[in-house]
Amino acid sequence: MLENNISELNEKIQRESAFVDMLTMEMHRVIVGQKQMIERLIIGLLSNGHVLLEGVPGLAKTLAIKSLANSIDLSFSRIQFTPDLLPADVVGTMIYSPRQEEFHVRKGPVFANFILADEINRSPAKVQSALLEAMQEKQVTIGDKTYPLPDPFLVLATQNPLEQEGTYPLPEAQVDRFMLKLVITYPSKQEEKVILRQNINNEVLSTRKILKPADIQRAREIVKEVYLDEKIENYITDIVFASRFPADYNLKKYKDLIRYGASPRASIFLAMAAKALAFIKRRGYVIPEDVRAVAHDVLRHRIGLTYEAEAENITTEDIINEILNSVEVP
Amino acid sequence: MRMTMNMNFRHIFVILFTLIVSVVFTDSRAQKAVLSLDSSSIKIGERVQLRLNVALPKTATIYWPAIADTLTSKIEVANKTKVDTNSTSRQEFVNYSQNLLITSFDTGFHYIPPFTVYYSYSGDTSRHLLLTDAVYLKVRTVEVDTTRAIRDIHGPIQAPLTFSEIAPYLGAIAIVGLIIGLIWYYFWRKRMNKPLFPMLAKVVGPPWEIALQNLVLLDDKKLWQNGKIKEYYSELTDILRQYLFQQHGIEAMEMITSEILVAYDSAGLQPEGRAILSSILVQADYTKFAKAIPQRSENELSMTYAKQFLETTKPVVALPDIKNAAKPPIQTTDPELKA
């Protein structure tokens, strides 16, 4: 017998999370496969966290983000990051009007509910940093005035891991602001066949607007209510601390391979993402399975490796796997 | 005239002899007392060494002057050493010395009066005395540079700490550190779910037997009866997870429920145990993470299931087949029957 408030929450979630299936189905009309990517994008949407997608070209990263934005009745901006992009091109600038003899604010494309920052690592750090205030504070300062950004505000960025020349890796401070970093993999053989058929037949598919902003707001409020037990909190902090002090968790061999561990944002985002996943799974409480499921996406961009690790071909994925296999599950 | 000259020579000879004898005698007994200053000029309040040295024959007994806290009304004794003795270049003499650390808080020329040292020889009841010279000490005031701004009075200067002064604090810090260390060790062992004294922890039997004992102990604790349902299910699942690791090599302590069940399947254990394990773990997850309050019967059933799970999955000892072993080999020549 569940405690009354959890039972009520479970029932509420059963009712309110119905749109998740609709949204997933709508997106799958356009995108073949990539189930996990779609689920994680919805997690970002539900927990108000920005998402960075990394993958080789042609894996429907941009299409997925566009489809998600199209499914919801909200404003959408796409910013193609290029080497000559300027911060003012992102946030906006002051324009002088000779007729009125005064400056006018011209808001940039960042003033939208969904921002697709395409190929974000193609612009220099100053342009990437222009997104910092927007991502963290949900506001933009132009001249001496600060303008709040619309709510919900979500930055969904893509980057290509292959090309090194002409790219600017995201600074640690900025990459830490992304709640999730998704690594997109190739589709399966079966999925590839479906993609092939769709494209040969020139089927131009796009998602329909099936959700209202109020649906998202309501869902977000319920996600916040999802019960997170103290045992799960301890589990989350143990995972994050193991990335900082591996020797304390029987991971002494990784002590010299980790340059820096996950920040406190990792703990916050792990909890938020786990709550959102519990909501998607129609549960009013978080279980360790939820934490483990999102751990890679939350931690992979928050753990810095040393040169020794790179020399030994050890990746952050290996470190996270070891951490999850060493930290005791409650 | 000749008589007069003889008389004069005799007088001169006597006087010279007396002088030579007295000089030789005096030299062999060259007692002396010397008072000296390290510096004859000091700043007000500064300290200076005043040395009193007395050289006497070894056979003499010395009566050292008693030195009070002040030498004069303007000279104070800040510190004094014990009277020290050391040998001199002359074998039969010994040198007595004492160092006084003196200071003065009055400017001007101060007179330090001579010191009187008494001594006597063995078998001689009379006392002899030795007088040192007087010395002068100039005490200067601090020159004030009137061209510079007035500054605050300098605070007291901290004297360097000695080991004996800080030893009690060091001891206290060491004791506090030891206590903190012991507390940390206690909680660390508790968090790792390991015995406090690993060397003393004794293994009482195979893992399934230990798990069974732990289940009995858990039952005795009456946790759920006292409202500690979460603790009850945490301990119950921990016992089973540890058993799975120790008995079957499944690292269940670091696995989530679904992973434990997958690992159980992969380990090729009894299929009937899977359903029991799944039911216990799912029930425990509800209680631990979803504030579920199981009914009394469910709590009891979980314990029964746990014991049943151990019974189902414990290794079976293969007993020798006595029936077949006792059967004698077939003694026949018929190849068909033999086969």
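What share of the 339 residues of chain B count as buried? In this predicted model, the figure comes to 17%. Chain B is built from 9 helices and 11 strands. Its contacts reach a good way along the sequence: taking those with a separation of 6 or more, 63% are between residues 24 or more positions apart.

Before going further into the fold, a word on confidence. The model as a whole scores ipTM 0.75 and pTM 0.63. Chain A has an average pLDDT of 86, and 97% of its residues score at least 70. Within chain A, the element with the lowest mean pLDDT is helix α1 (residues 4-16), at 77, while α11(A) has the highest, at 93. For chain B the average pLDDT is 82, with 85% of the residues at 70 or above. Two stretches of chain B deserve some caution. Residues 23-28 of chain B stay under 50 in pLDDT, and the model gives them 0 contacts beyond four places in sequence. Residues 325-339 of chain B are also below 50, though this stretch has 5 contacts in the model beyond near neighbours in sequence.

Turning to the interior, the largest nonpolar core takes in 128 residues, and A:Leu270, A:Ala273, A:Val286, A:Val294 and A:Val298 have the most contacts inside it. Helix α11 of chain A (residues 264-280) supplies the largest share of this core, with 12 residues. Another core, of 8 residues, lies apart from it and includes B:Leu50, B:Leu71, B:Ile102 and B:Ile112. Back in the largest core, A:Val294 gives a feel for the packing: beyond its neighbours within four places in sequence, A:Val294 is in contact with A:Ile43, A:Leu270, A:Ala273, A:Ala274 and A:Leu277. Such groupings fit a familiar pattern, as nonpolar side chains in soluble globular proteins tend to be buried together.

Elsewhere in chain A, A:Val90 is a handy residue to look at. A:Val90 sits in helix α5 (residues 87-91) of chain A. It counts as buried because 24 other C-beta atoms lie within 10 Å, against a cut-off of 20 or more. Setting aside residues up to four places away in sequence, A:Val90 touches A:Ile79, A:Gly108, A:Pro109, A:Val110, A:Val127, A:Ala130 and A:Leu131. A:Ile79, one of these, is 11 residues away in sequence, and the two C-alpha atoms are 7.5 Å apart.

Next comes a hairpin. Strand β3 (residues 92-97) and strand β4 (residues 102-107) of chain A pair in the antiparallel sense over 6 bridges. One of the bridge pairs joins A:Ser97 to A:Glu102 in β4(A). Between the two strands are 4 residues, and A:Glu101 in the turn has a positive phi of about 55 degrees.

Not every element is covered. Helix α8 (residues 189-200) of chain A lies largely in the open, because 0 of its 12 residues are buried. As for its length, at 1.5 Å a residue α8(A) should span 16 Å, which agrees with the 17 Å between its end C-alpha atoms.

The two chains meet in a contact that takes 20 residues from chain A and 14 residues from chain B. On the chain B side, helix α6 (residues 271-289) of chain B gives the largest share, 3 residues. By class, that side has 8 nonpolar, 2 polar and 4 charged residues.

So what does α6(B) itself look like? Its 19 residues should span 27 Å at 1.5 Å a residue, and its end C-alpha atoms are 27 Å apart, which agrees. Among its buried residues are B:Ile276, B:Leu277, B:Ile280, B:Leu281 and B:Phe289, along with B:Gln283, B:Asp285 and B:Lys288. The cover over the buried residues of α6(B) draws on both chains, including α10 (230-244) of chain A and α4 (229-248), α5 (257-266) and α7 (296-313) of chain B. After α6(B) comes B:Lys291, with a positive phi near 55 degrees.

Finally, B:Tyr121 belongs to strand β9 (residues 116-121) of chain B. B:Tyr121 is partly exposed, because 15 other C-beta atoms lie within 10 Å. Apart from neighbours within four places in sequence, B:Tyr121 is in contact with B:Thr59 and B:Ala60. The C-alpha atom of B:Tyr121 is also 9.5 Å from that of B:Lys58, a residue 63 places away along the chain.

Note on methods:
Residues are numbered from 1 along each chain as its sequence is written. Chains are lettered from A and ligands numbered from 1 in the order in which they are written. This is a predicted model: local features need pLDDT of at least 70, side-chain atom pairs count only at pLDDT 80 or more; totals for chains, interfaces and linings use all residues. A nonpolar core is a set of buried Ala, Val, Leu, Ile, Met, Phe, Trp, Tyr and Cys residues joined through C-beta atoms within 7 Å. Two residues are in contact if their C-beta atoms, placed from the backbone, lie within 7 Å. Ala, Val, Leu, Ile, Met, Phe, Trp, Tyr, Cys and Pro count as nonpolar, Asp, Glu, Lys and Arg as charged, and the others, Gly among them, as polar. pLDDT is the predictor's confidence in each residue, from 0 to 100. The expected span of a helix is 1.5 Å times one less than its number of residues. Two strands pair if DSSP finds at least two bridges between them.
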